[in-house]
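Okay, thanks for coming, everyone. Let me put the model up on the screen, and then I'll talk you through a few places in it.

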Amino acid sequence: ETINGINLDLVTIGNAGNAADTQIMDDAGHTTGYGAVGYNYGIGKYEITNTQWNAFTAVAGVPTGYANAYAKTSPFTGEMPVTNVSWYEAVQFCNYLTSGDKSKGVYQFSGNDDNPGNFLGIDRFTTRMVYNTIYFLPNENEWYKAAYYKSDGSGYSLYANGTNIAPIVDIESNYGSGPRWEVGIGKMEQNGTFDMMGNIDEWN
C-alpha cells in the first residue's frame, strides 16, 4: 500500500493472546520470556529500503539526527536496506507514516515538522484515537513473535524459518558473513517476512 507517498508492504501477525516463549535458551534454564502479544498487528514484510527512505526525505525533509546518524539523503539507491539511521530518525519516519508530520504520531516531540526537537515519550493509545491507523517500531515482544511464533499458533521455533534447524547462510538468510543484499532475496520466513534472520540490525 502507499502511505503518505511511501510504498510499504505489511504482513499481518495474528493469533492474538499467545503466550510468551518458554523454550530453554541456555544451560541455566533461562527462557527469553518474549513473544506474548494480546492483539493482531502488521509488520513490514521487508526491511526499510533506500528507495523508501529517499522517498521519505524527498517529501518530508531530512529528519533530525544526532552525531554519526544518517541525517542526509542516502547515496545508495534501490532495494538495499537503508543503514546508519538512528532510532530518533527511524521514529520520525514512523510518525510521518502516521500523520504526514515527523513530529506527530506515536513518538512525541517538543518541536514541529521542520524541527521535531527533543524526544518526549511514546503514546500509542492516544495517537490511535486521533489517527486510527498508527505506525511504530515493533516492541521486543512484537518483533520476537513475528520472527519466531509459528503462523499456525502451535508455538515457537528457534529460527524465523519455522524450524529448529538453522537456515542456509547466504541462501536462505544473511547473517552478516557477506555483504548485505536486496530485500526479498532470501527465503520467505514463517510469517511472511524476509530478513528477520539477518541482513541488517533492526530497531525495536
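**A walk through the model**

Let's begin with Val 169, which sits in the segment after helix 4. Just so we're all on the same page, this is a predicted model. Val 169 has a relative accessibility of 39%, so it counts as partly exposed. If you jump from there to Asn 40, you go 129 residues along the chain, and the two C-alpha atoms are separated by 31 Å.

Okay, helix 4 itself. How many of its nine residues are buried? Seven, so helix 4 is mostly covered. The buried ones are Glu 142, Trp 143, Tyr 144, Lys 145, Ala 146, Ala 147 and Tyr 148. And what do they pack against? Strand 3, which is 10-13, plus strand 4 and helix 3.

Now, two asparagines with unusual backbones. As a reminder, most residues other than glycine have a negative phi. Asn 132 has a positive one, near 70°, and you'll find Asn 132 in the loop between helix 3 and helix 4. The other is Asn 199, with a positive phi of about 85°, and that one is in the segment after helix 4. Buried or exposed? For Asn 132, the relative accessible area is 54%, so it is exposed. For Asn 199, the relative accessible area is 11%, so Asn 199 is buried.

While we're on phi, there's a glycine to point out too. Gly 61 follows helix 1, and its phi is positive, near 90°.

That brings us to helix 1. Its buried residues are Asn 50, Gln 52, Trp 53, Asn 54, Phe 56, Thr 57 and Ala 60. The cover over those buried residues includes strand 2 and helix 2.

So how do helix 1 and helix 2 sit against each other? Their axes are 11 Å apart and the packing angle is about 70°. Helix 1 and helix 2 are therefore roughly perpendicular to each other. On the helix 1 side, the contact uses Gln 52, Trp 53, Phe 56, Val 59 and Ala 60, and helix 2 brings Glu 89, Gln 92, Phe 93 and Tyr 96. By type, that contact divides into six nonpolar residues, two polar and one charged. If you're wondering about the spacing of the numbers, remember that an α-helix has 3.6 residues a turn, so residues three or four places apart point the same way.

Staying in this area, have a look at Thr 64, in the loop between helix 1 and helix 2. At 21% relative accessibility, Thr 64 counts as partly exposed, because the cut-off for buried is under 20%. Leaving out residues up to four places away in sequence, Thr 64 touches Tyr 88, Glu 89, Gln 92, Asn 115, Pro 116 and Gly 117. Two of those, Glu 89 and Gln 92, you just heard in the helix 2 contact. Thr 64 and Lys 102 are 38 residues apart in sequence, and C-alpha to C-alpha they are 9.1 Å apart in space.

Last stop, the pockets. The largest pocket has a volume of about 1100 Å³. Which residues lie nearest its centre? Out of 39 lining residues, they are Ile 43, Gly 44, Phe 136, Leu 137 and Pro 138. Strand 4 (41-44), helix 2 (87-99), helix 3 (124-131) and helix 4 (140-148) each put at least two residues into that lining. The lining of the largest pocket splits into 24 nonpolar, eight polar and seven charged residues.

Then there's the second largest pocket, with a volume of about 200 Å³. It is lined by 16 residues, and Asn 7, Leu 8, Thr 49, Gln 52 and Glu 79 are the closest to its centre. You've met Gln 52 already, as one of the residues of helix 1 in the contact with helix 2. Strand 2 (6-7) and helix 1 (50-60) each give at least two residues to the lining of the second largest pocket. Which element supplies the largest share? Helix 1, with three residues. For this second lining, the split is six nonpolar, six polar and four charged.

Right, that's what I had. Over to you.

Key:
Residues numbered from 1 in each chain as written. Predicted model: local features only at pLDDT ≥ 70, side-chain atom pairs only at ≥ 80, totals over all residues. Heavy atoms only, no water. 1 Å grid on protein atoms, 1.4 Å probe; cavity = no way out; pocket = protein on both sides within 12 Å on 5 of 7 lines; lining within 4 Å. Points joined across faces, edges and corners; volume = space filled by probe spheres on them. Helix = DSSP H or I, 4+ residues; strand = E, 2+ residues; numbered from the N terminus. Nonpolar A, V, L, I, M, F, W, Y, C, P; charged D, E, K, R; others polar. Axes fitted to C-alpha atoms, helices over the stretch in contact; angles between N-to-C directions. Parallel < 35°, antiparallel > 145°, perpendicular 65-115°, else oblique. Contact = heavy atoms within 4.5 Å. Buried < 20%, exposed > 50% of the residue type's maximum accessible area, 1.4 Å probe, protein only.
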